[in-house]
Structures are given as C-alpha cells and as structure tokens.
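The following report describes selected features of a single protein chain, moving from individual residues to sheets and to the packing of helices.

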Amino acid sequence: MSKTIGICLTLLYVLSFTHNVELRHIKGAPKSDPEPQCGYKSCHPTKPNMLNVHLIAHTHDDVGWLKTVDQYYYGSETQIQKAGVQYIIDSVVESLLRDPEKRFIYVESAFFFKWWKEQTEELQDKVKMLVNEGRLEFIGGAWSMNDEATTHYQSVIDQFAWGLRLLNDTFGECGRPKIGWQIDPFGHSREMASMFAQMGFDGMFFGRLDYQDKDERLMTQNAEMIWHGSENLGEKADLFSGALYNNYQAPDGFCFDILCSDQPIIDGKHSPDNNVKEKIDAFFEFVTKMAEGYRTNNVLITMGEDFHYQNADMWYKNLDKLIKYANERQANGSKINLLYSTPSCYLKSLHDAGISWPTKSDDFFPYASDPHAYWTGYFTSRPTLKRFERDGNHFLQVCKQLSALAPQQSAEFDPHLNFMRETMGIMQHHDAVTGTEKEKVALDYAKRLSVAFRACSTNIRSVLNQLSKGSSQETSTNYPLELKTCSLLNITSCSTSESSSRFALTLYNPLAHRTNEYVRIPVLDYNYVVTDSSGKSLPTQVVPIPAPVLSIKQRNSSAIYELVFLASNLPAVGFKTYFIEKSDDTAHKKPKSLPKKSTSYTVIGDKNFNLTFDTNGFLSQASADGMTRMISQEFLYYEGEIGNNKEFLNRSSGAYIFRPKEGKLHFATDHVSIDAYKGSLVHEVHQKFNDWISQVVRIYNGRNYAEFEWLVGPIPIEDGNGKEIITRFNSDIKSEGIFYTDSNGREMIKRQRDHRDTWNLKLHESVSGNYYPVTTKIALEDSTARMAILTDRAQGGSSMQDGALELMVHRRLLHDDAFGVGEALNETEYGIGLIARGKNHLFIGASLMREDISLKAMERLVQLETLLPSWKFFSNMKEYTQQQWLSEFTNSYTGISSTLPKSAHLLTLEPWHDNELLVRFEHILEKDEDSNYSKYVQFNVKDVLGGFNIVDMRETTLDGNAWLDEHRRFEFVPDPEDESYNAYGVFKKQSNRVHLLDAAKPLLGVKYSNEALETGELGAESNRIRRSANNRHFTMHRERTTQDERKSANKAYVPANDRAKYLIELSPMEIRTFVIYLE
C-alpha cells in the first residue's frame, strides 16, 4: 500500500510541473494572425544622424538562488527576497495590453510556461497577440539561463531544444528567439557562442566580463564583436556578440522599480520637486559617455534588474516620461532619440549600419570583477551536486532513447520524460550546477532531480520489461524484472546485490557503437559466478572495498567487497543482461593485498602501461608508449582567504570566488599508507593520505590509462580555516606555461599561464587568476610526451608550474565572499562536513607518432565512454534459476541496425512530436587530432535506425526547431586584418581614478565599489595607442560561402539515388540535427 501511495505522490509531483501546451508539428503553420508583425518587422524606427537609445524593458528571474524555484515563482519567503515571478508576468502583460508602443522581453521558459498553464484561454489568446505583434518578445528561450563554465554541451543543447520547442509549439515562428541573452553567467565560453550560432541565433549579448577586458574593449570600441565560436566549423559557428555597458542594470538614478529607491520623474508643472531637467540632463550625460565606447549611433540600455516589474506600471510610467521629455529636446537641436526596443531590434540596427567589426577567437574566462575577485571558485563549488547533475544527463539520455524504442507507451510516458527534461533544464541554471545557491536551495535542486529519476525510471522499467520479456503490461508495478537503479554505487552500496543470492544485472549502453566495460558490483562475499546472455561463465575478480569507504558514517551497507568482471561487446543503443549468483565453490579465494616492503617500489599495470609507487606510497613514475616519465600525484590544499569584504584586498574566498591565503599550498601528508591488489582483471593500489583523504588507483587489463578514484572529506575546519583541496599531477614534460582545457566538453582551448590573448594582463591573484573551467579534460604536452586528465564532473583546474596539472576537487569555506548568496560554502551532512568521491582518468604517452591511434583520439573515445557508460539496472532473480533466466528472457538487444564509426556519436535519440524522432549525430574529434579518426565520416541513417519505419527526414538547426534550409542568419563583416588592434580612438579621462561597478547580486539599482582603482591598474592602460582612430569601418555586406564550397577536398562523393537522402556526412566537431518521420 505504501509503495502505491509513493508512486501516486511521485506522479502528482511530476504532473504539477509538466505543461499542457499544444504540440505543433514543426512544419505546421502557427495559429496566429495572417500577417504577424513580430521580430524585426515590429521594431520601432530609429532616426538617422541621431544617437538612438534602445531602452530594453526586462527582468532577470533566477530559476532558484536565494529561494527555491517555487518560492521565486509564487513570491513566498519575502523575508529572504521580495520576488514573485507570477506577479511580474501578470503585471507586464496587463501593461503591454494597454499600450501597443511598449515592449518587453522575457527569457526563462521554466517560469513562463508555469505561468502559462494557469491562464485562461482568453488571456492566452491575448498573449499570443502580443507575441505576434512583437510587443512581448522571447529572448534566449531556454528552460533557464544556463551557466557556461560548469555545464556540458549535451545538457545545454537539450535544455534549449525543450524550451524552444514549447515556444514554437505555442506561438509558432513569432515565439522563436533570435538573440541569446547571457547577462548573468560568470564568464562566457566559446562553445556557447558556437551553439548559439548553430541554433540559428543572429547574435548574443552578455553582462559579465573581466574588468580589465571591459575597460580595454570600451576604450577601443571593441565591446561588440564577431566571435569565432569554433576552430573547426568555420563561419557557421561565428556569432555576433556584445558586452553590455552597465552589466544588465539601469543607469544610476533611473531604476524605477518598487525594489529600488531612485527618484521617479516628477513632471508636475508647479511641483517644487519637479526634476525633469535634472533627470534628462543626467540621462543624456550617461548615454553620451556610453556612446564613446561603441561604434554605431545606436546604444542599448537595459531598463530592469533582478525580479523587476512586479509592478510594471512604475517602470513604464517613468519610461514614458523619459522618452517624452528626452525626445522633446530634438526640437531644440538635440541629437538623442529614445525608443522602446528589444535586443533583436538593437541588433538589426547594428546590422543595418553596414560597418565592419572586430573579432574574437578565445573565450571570456576567467571572470574577475575586481583585482582580488576571480570568479573561479564556483568551477568546483558543491562537487556532489555537480556530479549528480552529470548523472542526470546520463540518465536522461537513457530515458529518451528507451522512450523512443518503446514497443508500447502508457499515458504517463510523456509527462515522465518531460519532467526529467525540465528538471535537467533547471539544473543548468547559472546558480544551480554552479553551486552558488544557498544550501537549502541546493537540497531542493537535488530533491527535484531525485523525483525526476524516479519518474523516468517508470518509463525505463516498462520498456526494458517489454523488450526482455515481451510483457504487454503498460502500467504494471509487478514486472518480472525490477530493474532498480542503485544510486549509491559511488560508495559501493546497492541493496539488491547485497541482499540477493541471485540477481540479474542489465547494462544499457546508450552509445551507438559496441563497448567493452569493466563492471564493479558491491557484494557481501567473494564467491560469485557471472553468466552472460549466451550462458557462458565469465572470469571475475573480487577486491576489498577500501577501509575509508567502509567507514563513511552515512553508508548503510553490508558490502565489503566489489565483484569485477568485463562486460564485452555491449550492444549499441541496447542492453545485455548478466545472471549473478552466489556460489559455494571454494575455488574463489579471499583477496589479499601484496606483501608490504618498505624498501621496494610497487608497480601496477603491464608492459604497455604501468605506474610505479615509491616507498612513501606516492606515485613516482609512469611507463607508456615505450618511454618512462617521472610522474607524481599528490593531494594538497589552499587555505581560503578571510576578510571583511569591505575593500578589494580583504576579499574572502567563497562560493563564487577562489582566493587562497597568500597563494600558498599545504601538503596533505608526507607519507601515504598503501595496499596493493593484483588480479587477472585489475591491478589497484589503495592509498590513505590522512583521515579525510584517500584514493584508489586502478589499471584494468588491456587499458592504456589509469583511473584515480578519490575520496575527500569531511574537510577539517577545527583550525578556523576553510580549505580548498586539489589533486596535482607533476611530470617532467616541458610545457613552458602552456596547457589546454575543454570548452563545455567539446573543443580544447589553449591557455597560457599569466596571460590573456586580448589584453596585457595585470594579475594580482596569481593562483585564482590562472584557474579555468574544466568540464571534462585538462592537458599539457611537449614535442615528445603528453599528459591529460579526464574529470567526471566540472572542476577548476590550472597548470601553476611547467609539467604540472592541478584540479580542485572539493572546497569547504567558513566565510561568505559578499557576492550575494549570503552564507559560507560550508556543506554538511549527518552533522559533519560533506564527503565527496569522484574519478579522474590519467593518460600519459607520446604526443606524436603513436601507432594505430593518437593519444588525443584515445582520450576522446574514453571521454565519451566515461560520460555515457552503460547504466546498471538490478533485478532480484530469486524466482528464476539460471536456466529459466536464459530460456524465458531476451538478454541481449540492440536498438540500431548498424553501428556508427568510432569517431561518430549518436548525441540524441528521442521522441519528438507524434510519429517523429529527433536525432543528432556528431563527430567527436577535432581536425588534426588523429590521422584517421579526424577524417570525415559518412553513413546512412536508414541503415543505422533500421528498426524504425522511416518515411522522411529533414535537417534542422541544432535545437531541432527550425528547418536548416529555410533559416538565414544576419551576416556581419570582420574588420580588415590591418585594422585589428589598431583602430583605437582617443578618449579624454575625467579622472585619474575609477570606481568599478559592484558585481554582487541581486542587482537592485546601480552600486559602485567604495574603493577606487588607479587608472593604471586597468589592463587597457598599457594597450592604448594614443593616436587618432582611422574609422574606416567598411560599409559592405558579403555572401557567405556555401557549406558545399567550404567542404574539404577529401569529402567523399555522394551518389544521386534514393538512398542519398539518408546518407549524411560529418566533418570534425560537426553536429547535425534531424527530424525523422515515422510511419
């Protein structure tokens, strides 16, 4: 009975967050007026020969931060923050309906569709009218405004695809955003620009960039640029991007919200408080100064901040007056023109100016808001939440694939899958996966994700039982296979494997090629037999669970061993089930560690790849590719700086920023106790560094890389100091200050210590100023050797000395950094500090001239297999003998007819609209990473998805919501090469000291730091060339070369026959998206 109640409660929770929007076929005509005047057609006209000031009415609504998602939407917990999103949308819609001149933009689809489903059909029709007339415009349009440092590209694409699909289904073409709006994320990735471009966006605007970089760009009129989003994809990844002048705030003195204290515009003719002249004078002074930093006679001014417009009339009444009285001055010769606008209308004005633009090829990391505030701590903050989010992406892909493969679907399938999609969309928010929310909000995110796991598990259980047993039950809770997920396998705990003498393990492989994977299962004893789907008994090995794991306080498990076996040839996009039974066979021996010798080294691995540990228990060298290199690994920690945050030099390390005390490192220990275990499948060394740091280093048979599984916590704070824990790998590789980090899990970006590509860096924080986001990989190399580390979650990383790579794995701090969250990053669980466990994979080898496959290509393949390994499902088999299991169940299944080449990946396979699939294929290597695997690949979609009755296929933009062959983007022309870095204007300085904008959230009125910087402290000072600008921004437009013209000469010939329609080709790093129509 309690189980039934729990299922019902879960379903109610899920249904409360899914949205009953009409699903519209992508190529169907939207239900709208015959001639909608949205988008660029709805823009108010600008005036030539005037400074056109585009006023952008907007609100920034965090999908969780100080309050939970629901608390923000409903406006509860006002003692924490006065913010209620439902009131914002209510008030804005009411104001827009009264006046067709007004404009408003909205960004977060998670909030909008929660509001939408509560409205009457009559009001929904009125909102559709506003959208069709361009008065309400959606910008961004994803489920949340995602972070760009800690998010994986697969999750970013998914959450955009879902948000944009609902907008498209609800509003048609007029609901489709044209502009990215990343105003609050704490730095910006190149891959994000590439994804925006591939989704068909015309441009993107952002708010936060390094204070030195911003100064440089404004002084040289380079704040708006063409961002080259990819080293591999060419112009189709280019995106026009602009840095906002004032973050995303209104000008000082012009915040007209109920949350602000600025004076309204008082225009009573006889009022002693009349301030019209004063206000207009101040506004003109602001925009005139602002215009000096931009190239055209258009400027964009954001009129709104965090959770503004709960009473929209306050804003609009004052904006009306501002526009009226400002424009009245034109009769007296003023050359300033104010208008209600949107970011898309502003971008159109820039495009219509017909000038050329500067370019950018790197990214905007790390972000510093002042000389001692580098926002690099959040790269690691809340490491367990970051890992849970990565698990969520993994499970979502499994759920989407199996929902698409389902022979039969129950009515709950779509709500369950949609809830998982939407929860993962929330998790991408820039105050969610980043770890910069309050702890109770982090717990709410984790709760939502747990419920989403349970919801999607019902889909998966149904489908796998249908495929395994042929069961036609659609809603049964008594399936023959339980197919439970053990969510605590990371601490080797699983109730099914521990309590059952016979159980089945189903491994679902979401990759489109066969894989071989070593499997580890928590067990109580060391006598087990593993039988595969053909009835063959497999070799096994049992290793003890490390003592530090066994002693975890909250670990409710009796398992003391891990059963290891190799699951080979796992079917692509399919599963294989294994029968595991406890045995009385005495041939199995209890695992024993190797004898400890204080005078000899410990070596694990084989002749192709091995690691050596010295007599103090530390890693000391590695052998691979016929060479031996000095490689060491250790754990160290920085103590977090403590300050009152009243001035820059007194910044505390906190959830956002990383600021180590004096930049000093502290060793965790000078001696490591080790135990070594060797068997036929795996060699491993168990290391204990101290009472709160331990690690297992493994090399599996046949693998040319090592796994480092670390356990850190509870981090001690009895000395009153917060600590930030790193793992550091040292080598004799001569890297000369150069290292590489990934961009959202895709392309690698070159980094150089103490350097930025676009300005002369003045660095006051030598450690945190050299930290970069590592989503999946960090690497360095010289002409002979290469070292790379894969991560299992987002982390901060750097190379602080030649040949060394460090990754921050955990942090616990006792002071807030005063950027808005209002509490220290001091995570606890069960009354003690949080314990985190995770994995890094170490690659060492020749940087060039490897046989068969380059090290870079091998890293790419393993990176994919560790991101999306098989998902483990456990079923108690007490009712079945091994023979019954073999005869009554289908224990091997593949959902595709032909596997993809190793360098190609089925990024997406999911049900879309009725009788539709959405599929994405990607090439996972960059050009020149491997002589073979970096080549173009070609395959036939019908051959791959032969199990589906495909009747048609059409290519879309990356998000899956616009036809690629019908979509055109604005084209912008780059500056001539001889003008780059030279066309600087001369600007007169008002003062020798500068006050920086306060970066603390929430943004409620403009605030400047009390502390002034000498102008020489800004990076641009040393870059400025004091001469007259040569403003030859060419008035020209050009046609982009077609995709076919850009193809390399080695492109294979595509035969012109009926199969050609389904024959696709991928170039390095290319992602192609298709809607597939089914019979």
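Leaving aside neighbours within four places in sequence, Glu-639 is in contact with Arg-659, Pro-660, Lys-661, His-666, Asp-719, Asn-721 and Gly-722. The model in which these contacts are found is a predicted one. Glu-639 belongs to strand E23, which covers residues 627-640, and with a relative accessible area of 12% it falls under the 20% limit and therefore counts as buried.

A second buried residue is Ala-846, whose relative accessibility is 12% and whose place is in strand E39, residues 836-846. When residues up to four places away in sequence are not counted, Ala-846 touches Asp-625, Met-627, Thr-784, Ala-785 and Leu-855. Ala-846 and Gly-626 lie 220 residues apart in sequence, yet their C-alpha atoms are 8.7 Å apart in space.

**The chain as a whole**

The chain has 1079 residues, of which 64% are buried, and its secondary structure comes to 20 helices and 50 strands. Among contacts with a separation of 6 or more, 77% are between residues 24 or more positions apart.

**Strand pairs**

Several of the strand pairs can be set side by side.

| Strand pair | Sense | Bridges |
|---|---|---|
| E29 (residues 723-731) and E36 | antiparallel | eight bridges |
| E35 (residues 795-798) and E36 | antiparallel | three bridges |
| E43 (residues 916-923) and E50 (residues 1071-1078) | antiparallel | seven bridges |
| E1 (residues 51-57) and E9 | parallel | six bridges |

Strand E36, residues 804-812, has nine of its nine residues buried, so it is largely enclosed by the rest of the structure. In its pairing with E29, Phe-729 stands opposite Leu-805 of E36, while in its pairing with E35 the residue opposite Glu-806 of E36 is Ser-798. E35 and E36 form a hairpin with five residues between the strands, and in this hairpin Gly-803 takes a positive phi near 80°.

**An open parallel sheet**

Three strands form an open sheet in the order E8-E1-E9, and their pairing is parallel. E8 (298-303) and E9 (336-341) stand at the edges with a single partner strand each, so one side of each is left without a neighbour in the sheet. From one strand to the next, the twist averages 25°. Within the pair of E1 and E9, Ile-56 stands opposite Ser-341 of E9. Helix H9, residues 276-291, packs on this sheet and touches E1, E8 and E9, its direction making about 125° with that of E8. Helix H10, residues 312-328, also lies across E1, E8 and E9, and runs at about 150° to E9.

Helix H11, residues 343-353, is mostly covered, since eight of its 11 residues are buried. The buried residues of H11 include Pro-343, Tyr-346, Leu-347, Leu-350 and His-351. Just after H11, Gly-354 takes a positive phi of about 70°.

**An open antiparallel sheet and its helices**

Another open sheet consists of four strands in the order E42-E43-E50-E45, with antiparallel pairing. Its edges are occupied by E42 (904-911) and E45 (950-956), and because each has a single partner strand, one side of each is left without a neighbour in the sheet. Neighbouring strands of this sheet are turned by 25° against each other on average, direction ignored. Between E43 and E50, the bridge partner of Glu-916 is Tyr-1077 in E50.

Two helices can be described in relation to these strands. Helix H6, residues 153-171, lies across E42, E43 and E50 and runs at about 30° to E42. Helix H12 lies across E42 and E43, running at about 65° to E42.

**The packing of H12 with H13**

H12 (residues 383-405) also packs with H13 (residues 413-427), at an angle of about 150° and with the axes 10 Å apart. Angles over 145 degrees count as roughly antiparallel, and H12 and H13 are therefore roughly antiparallel to each other. H12 passes H13 in a left-handed crossing. On the side of H12 the contact is made by residues including Leu-385, Glu-389, Phe-395, Leu-396 and Lys-400, and on the side of H13 by residues including Phe-413, Leu-417, Met-420, Arg-421 and Met-424. Taken together, the residues of this contact divide into nine nonpolar, three polar and three charged.

Notes: Residues numbered from 1 in each chain as written. Predicted model: local features only at pLDDT ≥ 70, side-chain atom pairs only at ≥ 80, totals over all residues. Heavy atoms only, no water. Axes fitted to C-alpha atoms, helices over the stretch in contact; angles between N-to-C directions. Parallel < 35°, antiparallel > 145°, perpendicular 65-115°, else oblique. Left-handed = near helix turned anticlockwise from the far one by under 90°. Contact = heavy atoms within 4.5 Å. Nonpolar A, V, L, I, M, F, W, Y, C, P; charged D, E, K, R; others polar. Buried < 20%, exposed > 50% of the residue type's maximum accessible area, 1.4 Å probe, protein only. Pairing = 2+ DSSP bridges.
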